[in-house]
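Open the model in your viewer and keep the sequence panel beside it. The stops below go from one selection to the next.

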Amino acid sequence: APGAYATRPSPTPEVSTELRASATMASMTAVHMGVRCQQARSLHAKKRTSPAAFCAPRKAASVQTAFCKGESRFTRSARLSRGGVRSAVTMSATETATPASATETDNSKKRVMIIGGDGYCGWATSLYLSKQGMEVCIVDNLSRRLFDEQLGLDTLTPISSVHKRVAKWKELTGKDIPLFIGDICDYEFLENAFREFEPTAVVHFGEQRSAPYSMLDRNRAVFTQTNNVVGTINVLFAIKEIIPDCHLIKLGTMGEYGTPNIDIEEGFIDITHNGRTDTLPFPKQGNSFYHLSKVHDSHNIHFATKCWKVRATDLNQGVVYGVRTEETMMDPVLINRLDYDGIFGTALNRFVIQAAVGHPMTVYGKGGQTRGYLDIRDTVRCIELAVNNPAERGEMLVYNQFTEQFSVNDLARIITEAGKKMGLDPQTIQVPNPRVEAEEHYYNAKHSKLENLGLEPHKLGDALLDSLLSFAVEYQDRCDKQLILPSVKWTETSSKKQASVAVEAK
């Protein structure tokens with residue numbers, strides 16, 4: 001309710017090396033979005049309620065927000081019993097996964113905490129899992145919205161505040177999605193959220209997810225690494241100390257692998273060297289400070305599974321495209337964000353929007369860069385499969401989460417053909433590649449495990465492109481063309497902080 005939040009002075013928007021990783025932008029973000037939130041500090045330890053207090057009945061509320069300091073004041077509408085988590089069959093690097101039907105349990109007993117649930121993938125996943133009957137909560141510091149304000153960016157689609165979003169979802173479906181507004185780099189806040197919600201699974205989207213953002217300047221590079229790595233370590237400690245049987249589902253990236261001149265396996269590779277054989281994590285070659293933070297996450301999680309017997313699934317996700325899911329299209333208030341700028345826009349989404357607004361599609365360099373791609377509807381289904389097929393205690397499952405692979409030139413050709421059928425005239429231009437990467441290379445990544453679990457992919461075809469192009473045309477008046485061209489060059493990253501990319505992109 002308005003006026004119900006305590007406040008404290010906000011840190012400066014730019015994160016410096018000297019700042020602790022936990023002193024992130026949660027409070028500043030919340031104030032900016034009209035949701036003021038106080039972070040936990042030492043007083044929390046003095047006033048912390050006993051574990052038994054978390055078991056008392058709570059007051060019902062259709063939209064619940066976590067308070068971040070002092071005694072726990074979390075609320076939720078009903079206390080459901082924690083559901084047991086069934087074990088998955090242990091898999092080596094070459095074994096296949098168990099069909100979903102073999103491990104699915106009653107969804108009403110599944111309590112899924114979605115960290116980063118206000119973001120592009122997180123929002124669609126939150127609604128999808130809620131509709132499947134799972135009890136879902138969102139943990140988010142709303143920093144993704146702040147990044148747009150800081151850099152002069154905006155989503156093509158007009159998105160509502162997260163509070164309006166979950167209220168509308170409640171109105172349409174009768175399902176609550178409690179909100180915990182705060183920063184997972186603040187361990188006291190995260191600990192309270194864990195004790196209150198008692199998740200059986202944690203889906204971790206809550207990281208700075210843009211390679212160009214991490215290469216903007218030193219401040220953003222430091223922020224990306226500390227925010228992502230420290231946040232994940234905090235989640236691991238929360239699982240270990242509070243709910244050891246909880247299953248961690250971490251969203252990694254196919255970019256961790258780089259572009260090796262061999263086939264990319266799903267997480268692990270069988271190696272014979274000097275007469276000895278072992279199964280080892282596949283070599284990682286991150287190509288930005290963002291990708292390297294994901295590599296660090298994977299290593300830290302792998303260590304935690306061995307040391308603390310944590311259950312973990314690492315989903316190395318390809319480039320996600322699309323905006324429509326059944327749930328996000330139920331009402332305009334639920335609509336998802338769609339980024340097209342050179343910082344947060346993904347390749348296929350950017351190309352579609354460029355074609356729709358009459359801007360030439362910007363191919364970086366030679367255009368032979370090949371990556372794995374998937375529809376956002378497949379993203380949410382993959383998360384459901386991971387929830388339904390948890391790892392064993394002490395096991396780390398790794399899936400390559402994509403359905404098709406394309407080069408940049410492939411995407412431009414496909415969109416050009418689809419656009420012409422709609423009466424558009426898509427053009428393509430080559431621009432200097434702002435990244436340091438191979439522009440022509442071998443790429444063959446394995447991705448069979450999720451399909452073995454039951455994923456039925458939505459392939460990129462005319463119907464899907466027509467839908468996405470039509471969507472982009474509908475909102476083309478919101479497109480700022482000066483944000484389209486790349487403005488972050490890998491070789492020119494410096495310690496001088498960059499205030500805006502809109503100016504640089506003119």
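**Stop 1: a salt bridge between distant segments**

Select Arg311 and Asp245, which form a salt bridge with their closest N and O atoms 2.8 Å apart. The model is a predicted one. Arg311 belongs to strand 8 (residues 311–317), while Asp245 sits in the loop between helix 8 (218–242) and strand 5 (247–253), so the pair ties together parts that are 66 residues apart in sequence. Colour the two by accessibility. Arg311 has 5% relative accessibility and counts as buried, whereas Asp245 is partly exposed, with a relative accessible area of 27%.

**Stop 2: a salt-bridge network**

Next, select Arg144, Asp148, Arg209, Arg337 and Asp339, which a network of salt bridges links. Start with Arg144 and Asp148: their salt bridge has its closest N and O atoms 2.7 Å apart. How many residues apart in helix 4 are Arg144 and Asp148? They are four residues apart in helix 4 (residues 143–151), so about one helical turn separates them. Both of these residues are buried.

Move on to Arg337 and Asp339 in the same selection. These two also form a salt bridge, here with the closest N and O atoms 3.1 Å apart. Buried or exposed? For Arg337 the relative accessible area is 2%, and the residue is buried. Asp339 is buried as well, with a value of 5%. Across the model, the count of salt bridges comes to 28.

**Stop 3: helix 10 against helix 12**

Now show residues 347–357 and 408–421, which are helix 10 and helix 12; they pack at an angle of about 35°, and their axes are 10 Å apart. The crossing of helix 10 past helix 12 is right-handed. To see the contact, display side chains for Ala347, Leu348, Phe351, Val352 and Ala355 on helix 10, and for Val408, Leu411, Ala412 and Ile415 on helix 12. By class, this contact has nine nonpolar residues, no polar ones and no charged ones.

**Stop 4: the largest nonpolar core**

Stay on Leu348 and widen the selection. Leaving out residues up to four places away in sequence, Leu348 touches Tyr321, Tyr373, Leu411, Ile415, Leu460, Leu465 and Leu468. Which residues have the most contacts inside the largest nonpolar core? They are Leu348 and Leu460, in a core of 48 residues. The elements that give two or more residues to this core are helix 4, helix 7 (211–214), helix 10, strand 10 (361–364), helix 12 and helix 14 (462–474). Helix 10 gives the most, with eight residues. A second core, separate from this one, has 41 residues, among them Ile181, Ile249, Ala386 and Leu397. In soluble globular proteins, nonpolar side chains tend to be buried together.

**Stop 5: a buried loop residue**

Finish at Thr403, in the loop between strand 12 (396–401) and strand 13 (404–407). Is Thr403 buried or exposed? Thr403 counts as buried because its relative accessibility is 4%, under the 20% cut-off. To see what surrounds this residue, select its contacts beyond neighbours within four places in sequence: Tyr373, Leu374, Asp378, His447, Leu455, Pro457, His458 and Lys459. Tyr373 also appears in the list for Leu348.

Technical notes. Residues numbered from 1 in each chain as written. Predicted model: local features only at pLDDT ≥ 70, side-chain atom pairs only at ≥ 80, totals over all residues. Heavy atoms only, no water. Axes fitted to C-alpha atoms, helices over the stretch in contact; angles between N-to-C directions. Left-handed = near helix turned anticlockwise from the far one by under 90°. Contact = heavy atoms within 4.5 Å. Nonpolar A, V, L, I, M, F, W, Y, C, P; charged D, E, K, R; others polar. Salt bridge = Lys/Arg side-chain N within 4 Å of Asp/Glu carboxyl O. Buried < 20%, exposed > 50% of the residue type's maximum accessible area, 1.4 Å probe, protein only. Core = buried A, V, L, I, M, F, W, Y, C linked by side-chain atoms within 4.5 Å.
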